[in-house]
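Subject: Structure handover and findings

Dear colleague,

Please find below the structure that I promised to pass on to you. My notes on what was found follow after it, and I would be glad if you read them with the coordinates open.

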Amino acid sequence: MDQSLALQVKEAIIRCLRLPLTPEGIADDAPLFGAGLGLDSIDALELAIELERTFNVKLDDEQLGKRVLRSVSTIVQFIEETKGQAPAAPA
Amino acid sequence: MDERVVVTGAGCLSCLGIGAGTFADELLAGHSGIAPVATFSTDGCRSHSAALVRGFEPSRFIDPMKLRRIDEVGRLALVACRLAAEEARLPGDSDRIGVVLGSTTAGLHSTVTHLRSLVTAGPAGVPALGFSNMIGNAAASLCALEFKWRGPNLSVAQKQASALAAIAFAAGLLEQGRAAAFLCGGVEDIEEQFFRVHDRFRVLSPADSGQEASRPFAAERNGFVLGTGGHVLVLETASSAEARGAAPYGEILGVGASASACRPNGWPDDPAGIVRAMREALARAGLAPAEVDAVFAAANGTPQLDRIEALALEEVFGAFGVPVVSIKGATGESGASGAAALTAALISLQRGMLPPTLGCEPRDPACRVDVSPAARPSKGRVALVNATADGGAHYAVVARAFAAGRG
């Protein structure tokens, strides 16, 4: 996994969800929702918008959202798949 | 039905500090919470002072994962409710406990943020996180969710009378046996745009004459000073308080409400509405005016409001007929004022004292009310608390303070 992209994703999560955490506090494979970080559906909405804003990827159906927003790793994987290449710099 | 209603707890986040005891101590000591505004710009305004909550660090009280989603008014509500409930030793997780909160600014901060984002970044730039705070009942709902109080949940917006309106409605519901207890009062926080709108309306005491201050009933009063605060009381049926072994501050004896037909943002032209609210509260309390030991007034330094309230007091109690206090010389004006005044009344009368009315001198000879710039002893423990909102809503609450620790 692209560690630089993973860091960017963590920073985006912390920024948009105003989390009282540092990037080091979020493990790549830790669940973001439910028992993990304890995020909920409003956080999911905010996070989907932030991913679109920062990484230009669209999460436009619920099933896709559930699969992608599982952890930092799944988000990074989705961004890499969507881009099919190295990620663009954050907007 | 017709339950007696007592006050078993008070939570204060105020311009004079944190906690109801501190609030009363500071008022009785004659300290003012009014200071130059440092949290936002007042450049270009006529006024530059406000009475803002002092010493409140939300992260000391609220889990950081929850805090990130709660706006300024919600924070005041949650913590003021928590302080009041802790003092009353009121449990959470109850179908018989409700929440009634009054606020003019509930949702304001989040709405301003939302609109600013919409204008500067477009629809995709608007944060979803703040959306639930934009709803006017967010603060009261948040308190119910946090503490699992599943009784009636109400939000009241009556401008400067919001908090006393909340208390009046809660007392009525308790009298009817609709709940065992309510967290009720007012929560208010302001931000730059709210301040600037009031400044533009020219309702704030201006600095340009060099006399910016809150001066209830004074000859040179020239407008009010905006304040903020979280002032929440626990109102409870006497039977519930007795069953829990709670030691009440005092008892709510009667409430009254009325309205004057006046312009939406104007003050009434005559005292009739205030007179009716006070007389209704006294009638429900079964008391004659002579049995009231002190009035905690709505007067906030606005020329018209103070004049009509003085006329109303003269009509009900006679000229200089009852000791009168306005705490707004120290706390400014906000939607939380009525709960702040009732808290001040109960605690100071419990101690046999009346707080000063800061700024009341030199007196206005047209306001024939017995106010004092210094604290003074009170001869008894019955208070009438007034609240009037511009636009013409009036509330009055008659309460009796108990001797400390006794019901």
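Buried area here is the accessible area, taken with a 1.4 Å probe, that two parts lose on being put together, summed over both. In this model, which is a predicted one, chain B and chain A bury about 1100 Å² between them by that reckoning, and 55% of it lies on carbon and sulfur atoms. On the side of chain B, the residues that lose the most area to chain A are B:Met65, B:Arg68 and B:Leu129, which together account for 48% of what that side buries.

As for the predictor's own scores, the complex is given an ipTM of 0.80 and a pTM of 0.93, while chain B averages a pLDDT of 95, with 98% of the residues scoring at least 70.

The interface can also be described residue by residue: eleven residues of chain B are in contact with 14 residues of chain A. Between chain B and chain A the count is three salt bridges, and the side chains of A:Asp43 and B:Arg68 meet in a salt bridge at 3.0 Å, N to O. B:Arg68 is thus named twice, since it is also among the residues of chain B that lose the most area to chain A. Seven residue pairs are found in polar contact across the interface, both residues being at pLDDT 80 or more, and, by class, the side of chain B that touches chain A has seven nonpolar, two polar and two charged residues.

Turning to enclosed space, the count comes to three cavities of 30 Å³ or more. The largest cavity holds about 70 Å³ of space, and its lining includes B:Cys15, B:Thr228, B:His231 and B:Ser334; by class, that lining has three nonpolar, seven polar and no charged residues. The second largest cavity holds about 40 Å³, and among the residues that line it are B:Asp71, B:Asn133, B:Ile135 and B:Leu142.

With best regards

Technical notes
Residues are numbered from 1 along each chain as its sequence is written. Chains are lettered from A and ligands numbered from 1 in the order in which they are written. Side-chain values use heavy atoms; hydrogens and water are left out. Contact means heavy atoms within 4.5 Å. A salt bridge is a side-chain nitrogen of Lys or Arg within 4 Å of a carboxyl oxygen of Asp or Glu. A polar contact is a pair of N or O atoms within 3.5 Å; within protein, one must be able to donate a hydrogen and the other to accept it, and residues adjacent in sequence count only if both atoms are side-chain atoms. Ala, Val, Leu, Ile, Met, Phe, Trp, Tyr, Cys and Pro count as nonpolar, Asp, Glu, Lys and Arg as charged, and the others, Gly among them, as polar. pLDDT is the predictor's confidence in each residue, from 0 to 100. On a 1 Å grid over the protein atoms alone, a cavity is a set of points where a 1.4 Å probe fits but cannot get out, and a pocket is an open set with protein on both sides within 12 Å along at least five of seven lines; lining residues have an atom within 4 Å of a point. Grid points are joined across faces, edges and corners, and a volume is the space filled by probe spheres set on the points.
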